[in-house]
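Here is an informal walk through one protein model, taken region by region. Keep the 3D view open and follow along.

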Amino acid sequence: MARVGIIGDTHCPAMLRRYPAFLSRTFERWGVDTIVHIGDLVDWHAINFHGKHADAPGVKDEVRKARRQVQNLYQRFPEATWIIGNHDDLPARRADAIGLPSDAIVNPVEYWEVHDWSLVERFGYIEIDGVLYSHGEIGSQGLYAAINQAKAETASVAIGHLHGNAGVSWVANKARRLFGLSVGCGVDWRVLAMKYGRKFGKKPLIGCGIVIDGSYATWEPMAL
């Protein structure tokens with residue numbers, strides 16, 4: 001049985017400066033012994049498919065800044081599972097778009113120097129104590145994405161991907177009880193890479209997820 005701490009989408013270098021320290025304090029308080037990064041560790045704004053903000057850093061500067069934030073997380077949590085999100089996968093998606101073979105892309109664990117992290121490929125999941133952890137981009141989306149994905153999988157789930165969703169919903173029948181946990185994120189919506197979110201009144205929910213022994217889940221908000 002595990003006490004799992006779940007890091008939300010960080011989109012480095014757009015991660016909130018205080019987010020790693022919040023994670024450390026929260027995970028220590030809950031006695032966490034297993035770490036999962038739910039995906040979108042990095043943003044890759046400079047090569048996204050939706051266009052780059054003119055004043056945002058170029059690729060080299062973005063990578064340099066992102067690497068500092070990634071290493072902050074890695075130093076705090078030297079053993080973790082990283083589930084590849086849609087933003088993490090942008091280099092491979094770009095390569096695929098121009099016909100490069102998959103072996104032309106460097107392993108993300110090596111590139112970002114998180115050598116002791118284990119990797120789950122995009123659209124994949126890891127199961128811990130019967131709970132399915134995935135980035136969350138497959139399946140139901142929207143406000144009730146987590147619990148709807150739990151119903152579809154007939155298993156409790158923990159997801160990220162949806163920055164404005166956070167919290168736990170439950171469903172039960174005569175045989176079992178399931179939860180759907182959305183873990184929120186750790187991004188700063190004020191930075192240029194996140195500028196697309198400024199027009200929305202609904203802002204990111206900053207926090208992390210905790211799952212105990214596969215049977216209890218909670219969302220911990222960060223004080224802003």
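## Two helices side by side

Start with helix H1 (residues 19-30) and helix H2 (residues 59-76), bearing in mind that this is a predicted model. The two helices pack at an angle of about 15 degrees, and their axes are 10 Å apart. H1 and H2 are therefore roughly parallel to each other, since angles under 35 degrees count that way. Their crossing is right-handed.

Who does the touching? On the H1 side you'll find Pro20, Ala21, Leu23 and Ser24, and on the H2 side they meet Asn72, Leu73 and Arg76. Sorted by class, that contact has four nonpolar residues, two polar ones and one charged one.

## The six-stranded sheet

Next, pull up the open sheet. Its six strands come in the order S4-S3-S2-S1-S10-S11, and the pairing is mixed. Strand S4 (118-120) and strand S11 (216-221) are at the edges; each has a single partner strand, so one side of each has no neighbour in the sheet. On average, and ignoring direction, neighbouring strands here are turned by 20 degrees against each other.

Zoom in on strand S1 (residues 3-7) and strand S10 (residues 207-212): they run antiparallel and are joined by five bridges. To get your bearings, find arginine 3, whose bridge partner in S10 is isoleucine 212. H1 shows up again here, packing on the sheet and touching S1, strand S2 (34-37), S10 and S11. The direction of H1 makes about 20 degrees with that of S10.

## Odd backbone in the loop between S1 and H1

Most residues other than glycine have a negative phi, and most peptide bonds are trans. The loop between S1 and H1 departs from both habits. Histidine 11 is found in that loop, and its phi is near 50 degrees, a positive value in a residue other than glycine. Is histidine 11 buried or exposed? With a relative accessibility of 1%, histidine 11 counts as buried.

The peptide bond from cysteine 12 to proline 13 is cis, with omega near 15 degrees. Proline 13 is also in the loop between S1 and H1. Now look across to glutamine 69 in helix H2. Apart from residues up to four places away in sequence, glutamine 69 touches Cys12, Pro13, Ala14 and Met15, so the two residues of the cis bond are among its contacts. Glutamine 69 is buried, with a relative accessible area of 19%, under the 20% cut-off.

## Another loop, on the way to H2

Isoleucine 47 is in the loop between S2 and H2. At 18% relative accessibility, isoleucine 47 counts as buried. Which residues does isoleucine 47 contact, leaving aside neighbours within four places in sequence? They are Val59, Leu90, Pro91 and Arg94. By contrast, tryptophan 82 is 35 residues from isoleucine 47 along the chain, and their C-alpha atoms are separated by 21 Å.

One more loop is worth a click: the one between S4 and strand S5 (125-128), where you'll find phenylalanine 123. Phenylalanine 123 has a positive phi of about 70 degrees although it is not a glycine.

## The S8-S9 hairpin and helix H5

Strand S8 (residues 166-172) and strand S9 (177-183) form a hairpin with four residues between them. The two strands run antiparallel and are joined by seven bridges. One pair to look for is valine 171 with its bridge partner in S9, leucine 178.

Alanine 166 lies in S8 and is partly exposed, with a relative accessible area of 29%. Leaving aside neighbours within four places in sequence, alanine 166 is in contact with Ser182, Gly184, Leu205 and Trp219. The C-alpha atoms of alanine 166 and isoleucine 84 are separated by 20 Å, with their positions 82 residues apart along the chain counted as the separation.

Finish with helix H5 (residues 145-153), where Ala145, Ala146, Ile147, Gln149 and Ala150 are buried. What covers them includes strand S6 (131-134), strand S7 (157-159), S8 and S9. Just after H5 comes threonine 154, which takes a positive phi of about 50 degrees.

How values were computed:
Residues numbered from 1 in each chain as written. Predicted model: local features only at pLDDT ≥ 70, side-chain atom pairs only at ≥ 80, totals over all residues. Heavy atoms only, no water. Axes fitted to C-alpha atoms, helices over the stretch in contact; angles between N-to-C directions. Parallel < 35°, antiparallel > 145°, perpendicular 65-115°, else oblique. Left-handed = near helix turned anticlockwise from the far one by under 90°. Contact = heavy atoms within 4.5 Å. Nonpolar A, V, L, I, M, F, W, Y, C, P; charged D, E, K, R; others polar. Pairing = 2+ DSSP bridges. Buried < 20%, exposed > 50% of the residue type's maximum accessible area, 1.4 Å probe, protein only.
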